[in-house]
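Load the model in your viewer and switch to a cartoon view. We will go from stop to stop, with a selection to make at each one.

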Amino acid sequence: MSKMPSVSILVPVYNVAEYLRQCLDSLIGQTLKDIEIICVDDGSTDTSSQILQEYAKMDSRVIIVNKSNGGLPSARNAGLNVARGKFVGFVDGDDYVDADMYSRMYKAACINKADIVVCGAHLFPDEGSAPAWLKDTLTTRDKVYSNGDGAEALFNEKSAKPFLWRDLISKSLIDKYKFRLDESVIVGEDQAFQFKIFPVARNVTFIPDKLYYYRYSRPSSLMNEPQYHDYGLRLKKHIHMIESILSSWKTLAVDSSITVRLFDWCVNFIYWDLIRVNATDRIEIAKELCKLLVNAGYYNYIKDYSWDTRNHFEYIYSLSTQTAEQPVVTVVAAFEKCSDYMGDFIDSILAQSEKRIEILLYENSSGDKTKGIIFERLAMDSRICLRLGDWQPISEKYNDAILTAKGKYICFLSPYDYIQDANWLNNAVDAFRDDIVDLVGYSEGLAGIKYIKFCQNANYRQFLYRVDKIRSDGILFKDYSLLIGSVFFTQYCLVSNYCCFIPKFMFHGKTLRRNSIYASEAKLVLRAFVWLLQAAIDNNLPLLAEKVSDCLNSENYIRLITDAAYGFNIEPSSADNPQEDFHTEILALLIKANELAKLNGEDKAVIRSLSVFVDRRHQFLEGVYMGGGINQKEDDGLSISNNIREEFRYLHD
């Protein structure tokens with residue numbers, strides 16, 4: 001290929017054999033044929049190298065660069081060193097692109113005489129679980145910044161950063177300034193490069209087309225490496241990214257207003273991560289950031305910063321003057337709109353005589369008033385960690401707490417709780433000094449050290465757990481809707497020996513009783529009941545079996561389950577249109593729970609909840625059949641009377 005190609009596409013490759021063919025096929029199939037595909041094999045140990053050789057033989061536009069493993073920035077730099085195209089694009093080896101991606105972007109670059117073109121992106125295969133900020137960032141608008149407004153684009157457009165793989169960049173601009181990625185930046189290397197290139201771009205064009213397909217939540221991806229589970233480690237790497245950005249800007253000719261915006265961005269970018277980490281890391285990072293910003297000239301523009309920037313920097317600076325102890329206890333709570341209770345809840349924890357604590361507060365669909373109460377206390381006490389975010393099952397919030405907790409012991413509370421005894425955490429920590437104790441908490445009528453089976457039916461929120469035991473035994477919360485705590489508590493008890501019971505500590509300010517649950521939750525609840533009953537059989541836990549049976553026979557659970565399921569249309573299944581019979585699955589779970597309850601010695605078992613559900617089911621079926629909702633085939637061998645007869649036969653047997 002002697003002629004300069006229009007676009008050089010750089011593909012860093014490291015152990016992505018499972019996905020590499022899809023990526024390369026999407027590049028070879030580009031409608032813009034005048035391209036070169038530079039694949040940098042960064043020391044792969046799987047079959048990625050063989051796949052690259054196969055494609056290079058098949059298409060002369062595929063160029064292979066081999067190097068020892070050095071990380072993503074190093075691989076991209078190796079590609080930049082050999083790229084000959086007028087423009088450069090970046091594609092990760094586990095992603096793929098639209099067939100028209102580079103023809104559309106190159107056309108936009110030519111029409112607008114752009115130095116940088118930015119497109120949108122799709123998430124796959126798990127777009128539904130992606131956070132809102134990520135979806136928002138990957139959505140671009142139709143916008144052109146000309147006349148040297150590249151820096152304005154960097155700060156004005158939410159989609160300008162942080163992903164380099166949706167940028168098409170002029171190779172002459174890169175060569176003019178001898179730009180390369182900073183190989184010492186491990187997290188945020190894309191943004192560090194974008195902060196170099198955007199300010200010197202004369203024209204930046206954003207197109208609304210979503211042309212890149214970003215593989216989200218791949219188990220072995222970079223996003224699952226240790227720095228993404230350790231908030232403190234990730235934040236320290238972000239500080240290094242900011243250091244790289246500030247260093248590169250010393251050589252850029254930008255006016256003071258743009259420099260002010262850079263400092264605004266740096267302070268606020270770090271602040272929202274800083275409030276997530278524990279006090280010891282927060283104070284250490286605050287000291288490092290203050291030194292970095294002050295040396296870079298932060299105070300030269302003090303009158304020009306936004307109100308948020310000044311307040312956030314003041315908070316960070318105040319942290320830099322503090323000291324903190326490593327926490328012994330981690331208190332976890334997920335909050336919603338609960339402003340009437342939130343302040344009292346936090347204050348009761350901060351009033352504990354045991355001061356070596358951290359409080360992890362997880363947002364789960366809250367309001368500004370609730371967050372305002374938390375921010376007031378956050379500003380006064382660094383032991384509070386605020387983790388804002390989209391709604392998720394509470395199990396995911398709790399599991400994040402388990403992975404990131406710094407305390408030796410952990411408890412899971414509700415913001416509607418109030419700890420009455422100021423010495424409760426101190427007493428709990430003292431009880432753990434006996435090495436045989438795995439669990440400390442309250443259960444009515446029990447005191448002192450008891451064998452763990454005594455608390456098999458207790459409330460999980462009234463106990464403290466050993467963090468190292470949870471992690472070593474791989475115990476995590478599972479999404480069982482209303483019963484996530486019951487399953488977690490039982491799992492923990494099954495691998496424990498002794499519990500120390502201490503006096504009651506908690507006042508329940510509000511009883512959270514769900515009036516309804518979603519249909520999908522009904523299945524989760526019943527699966528949890530089945531799991532608990534099976535655990536009771538396998539481990540001789542009669543109190544647990546009794547508790548579960550009582551729940552399944554209670555008016556509350558009968559109403560929740562039947563109301564959630566009632567009204568679902570049942571479509572006939574076919575090879576072309578397979579449908580889940582929702583009612584049948586609920587019925588099967590109730591039958592299974594009934595069988596297990598009987599095996600646990602519960603004579604009445606869950607007959608009542610099962611019979612109520614069957615009765616409601618047949619009311620529904622009668623309405624659907626009689627109303628023409630189901631077109632029954634003559635040869636299906638099924639009639640509504642047979643349905644009723646077969647289901648009730650089980651009950652009478």
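**First stop: around strand S9**

Select strand S5 (residues 96-97) together with S9: the two pair in the antiparallel sense over two bridges. Keep in mind as you look around that this is a predicted model. Within the S5 pairing, Val-97 has Tyr-212 as its bridge partner in S9.

Now extend the selection to the whole of S9, residues 204-215. Is this strand mostly covered or mostly open? Mostly covered: nine of its 12 residues are buried.

Next, add strand S6 (residues 116-124), which pairs with S9 in the parallel sense over eight bridges. Zoom in on Gly-120 and you will find it opposite Lys-210 of S9. Then bring in strand S7 (residues 143-145), which runs antiparallel to S9 and is joined to it by three bridges. Show Tyr-145 here; its bridge partner in S9 is Val-204.

**Second stop: an eight-stranded sheet**

Move on to the open sheet whose eight strands follow the order S12-S11-S10-S13-S17-S15-S18-S16, with mixed pairing. Its edge strands are S12 (384-387) and S16, each pairing on one side only. Turn the view to follow the twist: neighbouring strands here are turned by 25° against each other on average, direction ignored.

Inside this sheet, pick S15 (residues 437-441) and S18 (residues 498-501), which run parallel and are joined by four bridges. Which residue of S18 is the bridge partner of Leu-439? Select Cys-499 to see it.

**Third stop: the helices**

Show helix H16 (residues 424-431), which lies across S10, S11, S13, S15, S17 and S18. Its direction is at about 160° to S15. Then add helix H18 (residues 484-494), lying across S13, S15 and S17 and running at about 50° to S17.

Finish this stop with helix H15 (residues 394-404), where eight of the 11 residues are buried. Among them are Lys-397, Asp-400 and Tyr-398, along with Ile-402.

**Last stop: a nonpolar patch**

Switch on a surface and select Ile-436, Ile-449, Tyr-451, Phe-454 and Tyr-498, which make a nonpolar surface patch of about 460 Å². One of these, Ile-449, sits in S16 (residues 448-451), an edge strand of the sheet you visited earlier. How much of Ile-449 is accessible? Its relative accessible area is 37%, so Ile-449 counts as partly exposed, and it clears the cut-off of over 30% used for patches.

Terms used. Residues are numbered from 1 along each chain as its sequence is written. This is a predicted model: local features need pLDDT of at least 70, side-chain atom pairs count only at pLDDT 80 or more; totals for chains, interfaces and linings use all residues. Side-chain values use heavy atoms; hydrogens and water are left out. Patches are made of residues with over 30% relative accessible area and no salt bridge: like charges are joined within 9 Å, nonpolar side chains (Val, Leu, Ile, Met, Phe, Trp, Tyr) within 5 Å. Accessible areas come from the Shrake-Rupley method with a 1.4 Å probe; for residues, only the protein chains shown count as cover. A salt bridge is a side-chain nitrogen of Lys or Arg within 4 Å of a carboxyl oxygen of Asp or Glu. Buried means under 20% relative accessible area, exposed over 50%, partly exposed in between (1.4 Å probe, protein chains only). Two strands pair if DSSP finds at least two bridges between them. Axes are lines fitted to C-alpha atoms, for helices over the stretch in contact, and angles run from 0 to 180 degrees between N-to-C directions. Contact means heavy atoms within 4.5 Å.
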